[in-house]
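Hi there,

Here is the structure I promised to pass on. Please have a look at it, and then read my notes underneath.

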Amino acid sequence: MTPDSVPAFAEKLQQLRQQRGLSLRDLAGLAHYGKSYVHELETGKKPPTPAIAWRLDEALNADGHLARLVDQITPSEPVPAVELPRTAGAAPMDAHDVMLLHDTVRHLVALDTMHGSEGLYSNAVRAFRNAHRKLSTVGARATVRCDAHAAVAEVGEVAAWLSYDSEHQEVSRQVANEAMLVAQLAGDTSMCRFLLSHLSMQATYLGRGAEGLDLVDRVMTEGPRSKRVVGMMRVRRARALGQLGDAVGALGELERARGELAGGVGPDDPAWTWWLHAAELAVHEARIKADSGDAPGAVRASEQSVLQLPAAQGRDQALYRAWLVSDLVNVRAWREADEVAEQLMERAPVVGSARVPRILKLAERRAGRAGAPIWLTEALREAAEVSDPAV
């Protein structure tokens, strides 16, 4: 983001807020920021990050106007250096370049699993864009062209996920759709299904359950042979149905997903289905129950998700605990919520997922409205600040 764009952003933010008849306090509440911070953004004293711009766009229903004033790929704050393998050279892409793209994917996935997406998403998007541009210089052999397109699509899927987890939703959607076209050119049905699953997940996350259901049903009508792919799609259906108010249907789909996902990755299953395990299913069950008003059931499922999560998944150690804190607040279990918030603060400094502070800020607001002790609301606020990659 250039210095000249900061005043432009500030002016547009104030204009949009006033057009919608919102006070600074109103907008701060909708975006889950402090009133003074929003004021500093409006006066140009603070430069916005892409994540902040996108969240304000959502709060103002501004169709991405603010995000377009911020560089959507390279954040304004310094990005931690991440050493990535070379994606492709100046010469036409060949089998060696394809191998390096697969190395890039493995490297990004390993770092994200342990530490989260913040600081990685911009590198991943850049790797995808560079590789996508170089597809026109693929070597002459048809097998190289096909493998190169498939590898680039896989980089795009990872970039879309990292953008989603770091709350750059428009970037995530754009990259996922671009990667879908590349996967189709490669004839990579498996990757197309993975990307449709991603888009379904994102649609539901953004409150568009009907769209999420439609996307996943496109895959189900194809009749995938892989039980784990079917299981993943049932999980996506469950979340969309839960958001649409059909808790019974949602939990039924989730139970069927457990049956499909029993056992490890088989010969008909894509390697990317490895992460569908008991803890993942438990966290989805908790979210469905929380959405349906079954707060005690949500707590029980959240507790199971934390207990069953593999220790190596550092990002989810923080994310799942954030959800557990949120569920404990809903049942007014103040002491238990405080204990989990303390555990979360120990893990948060080495994990960068923008979803964690978002969950905690919402939990803090609910705790305050429910008359929670001040020590709990302060603990939740501190945990959110420690977890926030934008701070």
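Below are some notes on the cores and on two of the helices.

This is a predicted model, in which local features need pLDDT of at least 70 and side-chain atom pairs count only at pLDDT 80 or more, while totals for chains, interfaces and linings use all residues. Residues are numbered from 1 along each chain as its sequence is written, and side-chain values use heavy atoms, with hydrogens and water left out.

Let me start with the nonpolar cores (sets of buried Ala, Val, Leu, Ile, Met, Phe, Trp, Tyr and Cys joined through side-chain atoms within 4.5 Å; buried is under 20% relative accessible area with a 1.4 Å probe, protein chains only). The largest has 58 residues, and Phe128 and Val175 are among those with the most contacts inside it. Helix 7 (residues 142-165) gives this core its largest share, eleven residues. A separate core of 31 residues includes Leu319 and Ala363.

Helices here are DSSP runs (H or I, at least four residues), numbered from the N terminus. Helix 18 (residues 374-387) has Leu376, Leu380 and Ser387 among its buried residues. The buried residues lie on the same side of helix 18, because they cover an arc of only 160 degrees around the axis (taken from the directions from the helix axis to the C-beta atoms). Helix 15 and helix 16 (334-347) are among the elements covering them (contact is heavy atoms within 4.5 Å).

Helix 15 spans residues 314-330 and contains Gly314. Gly314 counts as buried because its relative accessibility is 11%. The C-alpha atoms of Gly314 and Met114 are 4.3 Å apart, although 200 residues separate them along the chain.

Best wishes

Terms used
Helices (H or I, at least four residues) and strands (E, at least two) are DSSP runs, numbered from the N terminus. Buried means under 20% relative accessible area, exposed over 50%, partly exposed in between (1.4 Å probe, protein chains only).
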